[in-house]
Amino acid sequence: MNAIIFSALSGVAMMFTGIFTTNKSAIRNVAVIALLGLIIVNLLHSYGIFVVRVNTHSMLQFETFGLFFNTLVFAATLLFVLLSGKDVTNAGTYGAEYFALIFFVLCGVSILTCYNSLLMLFIGIEILSIPLYILTGADKRNLKSNEASLKYFLMGSFSTGILLMGITLVYGITGTFSIEAMRPAVSVGAPNYGILEPVGLLFIFIALLFKVSAAPFHFWTPDVYDGAPTVFTSFMATIVKAAGFVSFIRLFDARAIEMGISWKIILPVIIIATLLIGNITAVFQQSVKRMMAYSSIAQAGFMLFAVYVNNDMSKEGILLYTAAYSIATIGIFAILTRMKDITFDGFNGLAKKHPVLAATNAVFLLSLAGIPLTAGFFAKYYMLAAVVKENGAGALWLVIVAVLFAAVSVYYYFRVIQAMYFKEGEPEITEVSGGFKTALVMLAVLIVLIGTFPSALLNWFYF
Amino acid sequence: MSPVPVTHILFVSTALFFIGMYGLFTRRNMITMLMSVELILNSVNINFVAFNKYLYPGKLDGIFFSLFIITIAAAEAAVAIAIIINLYRSHHSIDVEDAGELKY
């Protein structure tokens, strides 16, 4: 509750900051302070201290998992602002408003991590999406940015329509929005709509698959990620996507039994299709930004394992995955915003000219590929181990397929490393400050630390 | 005269939903596409109110939900119109075919 209220208030505060000052570094400092405050009030909530007491009528249910996820997401946003805050204020004309919209997105995230009613799911997804439509089109003069935001809007509102249709069908049958399935006593004279509830749930899942860009519904992702200003792509691909997964997991937690055995067949198909399309298409890309968009689809395939199996290990897995994937992707996109040429060739010879950038970029890419000693390895390991733990040897084929696709992903991540270290070229790069380099090195160290001691992060979760 | 059964209202709302979906996929005019989205959302509203009135008359859940949908649809429309105006300024057209900068 603290986080929801405080993030909305911070958003409003940022808008007022935009009125009183146009000094960009002052705006960034206000955003950093507000984010620190957000983390603190969220931690206070975990220890049972409330800033405001609100009776939510069990529409929201606060659990350790959701609260810890909030902390993780806010910390990732803090890293994002520290690293690319300058690009956020320079993305368009209105620096402070972009931060305000980011805070509104965080408000949506904190609703999605603790909703207990389909009404809150809908509101959370909308609070998350509408600011993103604007952020995608932040670069008003850029045609690509405009088109990306139109496309995102059309796809987003279409999936919202499907989500709502699903909610009405579930409501018609159960008479409640609570996600803890409550079958009412059959109301008098109500005909039997037996098929409607599964259909309704199917609609809701299709809408959520849209939001996390899983396979048959992924087609908007590359265009939108490519067209949006690079800073906001980094925000969308990490924080927003992870929030989509948490809302997905919450719903599956509550309704898994009702959906019965058929989901155990459909979900692996979706997972494999997502891994296949994401990885294979990423191989053929020429632009690194577009490659990262497809790779984010591929990573979504791995994150879907946390929806497929539902145990403690998969929850630890999704937390680790969020941390590892967010940190690495934020770092790569931060370097990408500094490059003049964002094709693979643009990275040629980066190691000679800017060794720090090349080395940290290599660490981030290794983490995404899941090489041991980086955070990405344990993230993938926990996901796959959770599948084996739950389903035994029967699910081994799924694990093997996933590992094979992880091997495919190594190919396109290493293309960037190869370009940086083993090719000659003159990379054109805008001015990088010492602070930026220090922040990058800190991120890389963080990735190696999580990769060496993953239990440190997870112990904190149980603390 | 017998009252209208709930199934008739469901037919209307389902028809509206699919008309909206059809419009979203076939029309190339951005304003018409926006209208199709609104059709989808309004069909859902009809559904909610009908279910509430016929099946659960004791509670107001469905009606509250439709109020939220109306509010959020308005916010969405505002953002959409802003995006469309911005595109019109650069393309001088509101046909989505003219917005072909991003090839897919």
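At 14% relative accessibility, A:R290 counts as buried (under 20% relative accessible area, against over 50% for exposed and partly exposed in between; 1.4 Å probe, protein chains only). The model is predicted, with local features needing pLDDT of at least 70 and side-chain atom pairs pLDDT 80 or more, while totals for chains, interfaces and linings use all residues. Residues are numbered from 1 along each chain as its sequence is written, chains are lettered from A and ligands numbered from 1 in the order in which they are written, and side-chain values use heavy atoms, without hydrogens and water.

**Exercise 1.** Determine which residue meets A:R290 in a salt bridge, and which network results.

*Solution.*
1. A salt bridge requires a side-chain nitrogen of Lys or Arg within 4 Å of a carboxyl oxygen of Asp or Glu.
2. The side chain of A:R290 meets that of A:D223 at 3.0 Å, N to O.
3. A:D223 belongs to helix 8 and A:R290 to helix 11 (residues 288–303) of chain A, so the pair ties together parts 67 residues apart in sequence; helices are DSSP runs (H or I, at least four residues), numbered from the N terminus.
4. Through shared partners, salt bridges join A:K144, A:K151, A:D223, A:D226 and A:R290 into one network.

**Exercise 2.** Establish whether each partner in the salt bridge between A:R250 and A:E63 is buried or partly exposed.

*Solution.*
1. The closest N and O atoms of A:R250 and A:E63 are 3.5 Å apart.
2. A:R250 is buried, at 8% relative accessible area.
3. A:E63 is partly exposed, at 37%.

Methods
Helix = DSSP H or I, 4+ residues; strand = E, 2+ residues; numbered from the N terminus.
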